[in-house]
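Here is a short set of questions to work through with the model open beside you. Have a look first, then read on.

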Amino acid sequence: MIASSYPFLDVMWTMLVFFAWVIWFWLLITAFGDVFRRHDISGFGKTAWIIFMIVLPYLGVFVYLIAEHDGMAERNSKEMEQSKAQMDDYVRSVSAASDPAEQIAKGKKLLDEGAISPAEFDTLKQKALAQAS
């Protein structure tokens, strides 16, 4: 009964409006995030952009996207490069620390320096060998 009073084109229009609303918020959050991540404008400039986007929502966001699209792309690519470099450094540090031979060599160096006892070195060596197998 309810479906008969809500024609198909109204359903399609409602879906279109809903997805446009979701996309709008996605664009708004993206633009706000970019404004707050920027280091090349002052707090007053950031405030002006935010007020512009709130007072004239569609126009403000579209003007920001058109005016700052190159800067947004550069900032995003720079952030991705930094994240990748950080992840690569982390993977290198973890893989180097998990090598049993290197762990034993570090333990031997600590033993030679007197930082650990022979019993502690044997425990470290056993853990490293157990981890390898």
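The questions below cover helix packing, the core and one further helix.

This is a predicted model, in which local features need pLDDT of at least 70, side-chain atom pairs count only at pLDDT 80 or more, and totals for chains, interfaces and linings use all residues. Residues are numbered from 1 along each chain as its sequence is written, and side-chain values use heavy atoms, with hydrogens and water left out.

Q: Which helix gives the most residues to the largest nonpolar core?
A: A nonpolar core is a set of buried (under 20% relative accessible area, 1.4 Å probe, protein chains only) Ala, Val, Leu, Ile, Met, Phe, Trp, Tyr and Cys residues joined through side-chain atoms within 4.5 Å. The largest has 11 residues, among them Trp-24, Ile-50 and Met-72. Helices (DSSP runs of H or I, at least four residues, numbered from the N terminus) H1 (8–37), H2 (43–55) and H3 (57–97) each give two or more. With five residues, the top contributor is H1.

Q: Which residues does Ile-50 contact beyond its neighbours within four places in sequence?
A: Contact means heavy atoms within 4.5 Å. Ile-50 is also among the H2 residues that meet H1. Setting aside those sequence neighbours, its partners are Phe-32, Val-35 and Phe-36.

Q: Which residues of H4 are buried?
A: H4 spans residues 100–113, 14 residues in all. Its exposed residues (over 50% relative accessible area) Ala-101, Lys-109, Asp-112 and Glu-113 sit on the face turned away from the buried side. The buried ones are Pro-100, Gly-107 and Leu-111.

Notes: Expected span 1.5 Å × (residues − 1).
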